Amino acid sequence: MLRKLIKHEFRATARIMGPLYLVLLVTALGANLSTRGILETPYPVLNILGALLVMAFVVAIMAVCAMSIYLMVQRFYKNLLRDEGYLMFTLPASVHQQVWSKLIVSSVWFIVTGVAVMISFMMMAMDVGFVKGLVHALQVLFQQVTAYYAINGTVFLLELLVLAFVGCIGFCLQFYAALAIGHSFSNHKFAWSVAFFFILQFASQLVGSLLLLSLDAPFINRLLGSLDFRVSGMAAVHMGMGILIAACLVYAAVFYVMTTYFLKNRLNLE
């Protein structure tokens, strides 16, 4: 059932995100043309046109990023917390499957949006010399990675992908938890959701700050000294990535427990 829910979510969101990505790439090409010649002409009309193309590219970037966040919140709010919730919770799917379908699809769109924005910047700055330099740099990087850091490089890329995915899930769950808690009240549900979003943000930042203050430099040195081992530079990188992934998992797990608990036991759809 989870696969069917994910498929439905992708279909519903791709109708919006797909055209936006296309607009982003088209405006990137327009911005490229404007920076390569239109803005340098002595004709005021062409200068205005070039400025408008660059402005359209900036607006397209903001629109794609904002829409990915809006869809993440809107799909959860509309499907599970409004009238559609009566239908969604009668499906042969658990609350966990409902939440995970939203988390997976939203996280994928966040990652795709980040890649699309990077590609659009490359298209905006692209010329013949840039393409040649980029291809050469990628070839050199690929040769070095495959020659010396084949395993470590692959592991690092996998760790980076996992970190991005877990970070996106944690980002989504901040909103989901606040919405789920807010909709446990009988009145002013959205206002309560906004209030609890800021309350949860304040609480998480406070706890994180206290943990950072408790892990002072002398404590870390004593801990490393008690372990009595030496790590290489690459091992330290992997260790750091592991710590970041673990921290994001704990952060996301707290909000996930809140979200599923309130959806199961305290949700008020009246």
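Which residues does Glu9 touch, not counting residues up to four places away in sequence? In this predicted model, Glu9 touches Arg75, Asn79, Ser101, Lys102 and Val105. Glu9 itself is found in helix α1. Its relative accessibility is 2%. Glu9 therefore counts as buried, since the cut-off for that class is under 20%. Three of its partners return below in the description of the cavity: Arg75, Lys102 and Val105.

The overall make-up of the chain was examined next. The protein chain holds nine helices and zero strands. Read along the sequence, the pattern is α-α-α-α-α-α-α-α-α. The chain has 270 residues, and buried residues make up 31% of them. Contacts were also sorted by sequence separation. Among contacts between residues at least 6 apart in sequence, 80% join residues at least 24 apart. The accessible surface of the chain comes to about 16,400 Å². Carbon and sulfur atoms account for 75% of that surface.

The search for enclosed space covered the whole structure. It finds one cavity of 30 Å³ or more. About 70 Å³ of space lies in the largest cavity. Glu9 belongs to the lining of this cavity, together with Thr13 and Met17. Ser68, Leu71, Met72 and Arg75 also line the cavity. The list is completed by Lys102, Val105, Ser106 and Trp109. Which elements give two or more residues to this lining? They are α1, spanning 2–36, α2, spanning 44–81, and α4, spanning 95–124. By class, the lining has five nonpolar residues, three polar residues and three charged residues. Glu9, Arg75 and Lys102 appear in the lining, and Glu9 touches both Arg75 and Lys102.

Open space was treated separately. The largest pocket holds about 420 Å³ of space. It is lined by 15 residues. Those closest to its centre are Ser204, Val207, Gly208, Leu211 and Tyr251. Two elements, α7 (189–214) and α9, give two or more residues to this lining. Helix α7 gives the most, with eight residues. How do the lining residues of the largest pocket divide by class, and how many are charged? The lining has 12 nonpolar residues, three polar residues and no charged residues.

Helix α9 also carries Thr260, and this helix covers residues 233–266. Is Thr260 buried or exposed? Its relative accessible area is 6%. Thr260 is therefore buried, because that class takes in values under 20%. Leaving out residues up to four places away in sequence, Thr260 touches Val95, His96 and Val99. A further comparison sets Thr260 against Gln98. These two residues are 162 residues apart in sequence. In space, their C-alpha atoms are 9.7 Å apart.

The side chain of Thr260 was also checked for polar contacts. What lies 3.0 Å from a polar atom of this side chain? It is the backbone oxygen of Tyr256. The side chain of Thr260 also reaches the backbone oxygen of Val257, at 3.3 Å.

A last residue returns the account to helix α4, where Ile104 lies. With neighbours within four places in sequence set aside, Ile104 is in contact with Ile6 and Phe165. Ile104 and Ile6 are 98 residues apart in sequence. Their C-alpha atoms are 7.5 Å apart in space.

Terms used
Residues are numbered from 1 along each chain as its sequence is written. Side-chain values use heavy atoms; hydrogens and water are left out. On a 1 Å grid over the protein atoms alone, a cavity is a set of points where a 1.4 Å probe fits but cannot get out, and a pocket is an open set with protein on both sides within 12 Å along at least five of seven lines; lining residues have an atom within 4 Å of a point. Grid points are joined across faces, edges and corners, and a volume is the space filled by probe spheres set on the points. Helices (H or I, at least four residues) and strands (E, at least two) are DSSP runs, numbered from the N terminus. Ala, Val, Leu, Ile, Met, Phe, Trp, Tyr, Cys and Pro count as nonpolar, Asp, Glu, Lys and Arg as charged, and the others, Gly among them, as polar. Buried means under 20% relative accessible area, exposed over 50%, partly exposed in between (1.4 Å probe, protein chains only). Contact means heavy atoms within 4.5 Å. A polar contact is a pair of N or O atoms within 3.5 Å; within protein, one must be able to donate a hydrogen and the other to accept it, and residues adjacent in sequence count only if both atoms are side-chain atoms. Accessible areas come from the Shrake-Rupley method with a 1.4 Å probe; for residues, only the protein chains shown count as cover.
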